[in-house]
Amino acid sequence: MRDERGSGTVLGVGVIAAILTVTAAAVPALGLLVARGQAAGAADAAALAGADVASGAIAGSICDAARSVASANLATLGDCVVDGQSITVSATVDWLGVGIVARSRAGPPQ
């Protein structure tokens with residue numbers, strides 16, 4: 001029975017190492033999902049703000065309103081294309097040095 005002494009410790013260290021490996025892989029992946037949702041939300045809100053200005057509901061500049069809302073959502077406004085009362089925007093959120101981009105369109109139905 002002396003040969004099996006310490007095998008529980010080795011097994012415990014192995015289990016802890018496996019848990020740490022899975023956690024190290026899962027945390028960045030989950031962070032990417034959060035950043036993607038943040039970029040999508042910022043793009044949607046920016047497009048809606050621009051569409052409000054384009055429709056005349058709010059005074060101001062269309063792309064300036066979209067830029068302001070994107071910035072308030074911790075994103076950077078990329079493209080801002082106005083077509084009548086419709087606006088298409090892209091918003092970028094930085095995550096671990098990588099730009100996560102989302103696009104959105106708002107305006108009357110086509």
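Guide: Buried means under 20% relative accessible area, exposed over 50%, and partly exposed in between (1.4 Å probe, protein chains only). This is a predicted model, so local features need pLDDT of at least 70 and side-chain atom pairs pLDDT 80 or more, while totals for chains, interfaces and linings use all residues. Residues are numbered from 1 along each chain as its sequence is written, and side-chain values use heavy atoms, without hydrogens or water.

Visitor: Which residues of helix 2 are buried?

Guide: Helices (H or I, at least four residues) and strands (E, at least two) are DSSP runs, numbered from the N terminus. Helix 2 covers 62–72. Its buried residues are Ile62, Ala66 and Ala70.

Visitor: How wide an arc do they cover around the axis?

Guide: The arc is taken over the directions from the helix axis to the C-beta atoms. An α-helix has 3.6 residues a turn, so residues three or four places apart point the same way. The buried residues sit on the same side of helix 2, because their arc is only 60°.

Visitor: What do the buried residues of helix 2 pack against?

Guide: Contact means heavy atoms within 4.5 Å. One partner is a helix, and strands are involved too. The partners are helix 1, strand 1 (76–83) and strand 2.

Visitor: Which element gives the most to the largest nonpolar core?

Guide: A nonpolar core is a set of buried Ala, Val, Leu, Ile, Met, Phe, Trp, Tyr and Cys residues joined through side-chain atoms within 4.5 Å. The largest has 12 residues, among them Ala46, Ile62, Leu77, Ile87 and Ala106. Helix 1, helix 2 and strand 2 (86–95) each supply at least two of its residues. With 5 residues, the top contributor is helix 1.

Visitor: How many residues are in the second core?

Guide: This core is separate from the largest one. Ala43, Ala75, Ala91 and Ala102 are included in it. Its count is 9 residues.

Visitor: Which residues is Ala46 in contact with, leaving aside neighbours within four places in sequence?

Guide: Ala46 belongs to the largest nonpolar core. Several of its contacts are core members too, including Ala66 and Leu77. The full list is Ala66, Val69, Ala70, Leu77 and Val89.

Visitor: How far apart are the closest N and O atoms of Arg67 and Asp64?

Guide: A salt bridge is a side-chain nitrogen of Lys or Arg within 4 Å of a carboxyl oxygen of Asp or Glu. The structure holds 1. Side chains of opposite charge can pair when their charged atoms come close. Arg67 and Asp64 form such a bridge, with their closest N and O atoms at 3.2 Å.

Visitor: What separates Arg67 and Asp64 along helix 2?

Guide: Arg67 is partly exposed, at 41% relative accessibility. Asp64 is partly exposed as well, at 47%. The two are 3 residues apart in helix 2, so their separation is about one helical turn.

Visitor: What phi does Leu74 take, just after helix 2?

Guide: Leu74 is found in the loop between helix 2 and strand 1. At 67% relative accessibility, Leu74 is exposed. Leu74 is not a glycine, yet its phi is positive, at about 60°.

Visitor: What phi does Leu96 have?

Guide: Leu96 sits in the loop between strand 2 and strand 3 (98–106). Its relative accessible area is 68%, so Leu96 counts as exposed. Leu96 is not a glycine either, and its positive phi is about 50°.

Visitor: Which residues does Gln38 touch, not counting those up to four places away in sequence?

Guide: Gln38 lies in helix 1. It is partly exposed, at 28% relative accessible area. Gln38 and Asn73 are 35 residues apart in sequence, and 7.6 Å apart from C-alpha to C-alpha. Gln38 touches Asn73, Leu74 and Val93.

Visitor: How far apart in space are Arg5 and Ala54?

Guide: Arg5 is in the segment before helix 1. At 69% relative accessibility, Arg5 is exposed. Arg5 and Ala54 are 49 residues apart in sequence, and their C-alpha to C-alpha distance is 76 Å.

Visitor: How far apart in space are Gly84 and Val98?

Guide: Gly84 is in the loop between strand 1 and strand 2. Gly84 is exposed, at 58% relative accessibility. Gly84 and Val98 are 14 residues apart in sequence, and from C-alpha to C-alpha they are separated by 33 Å.
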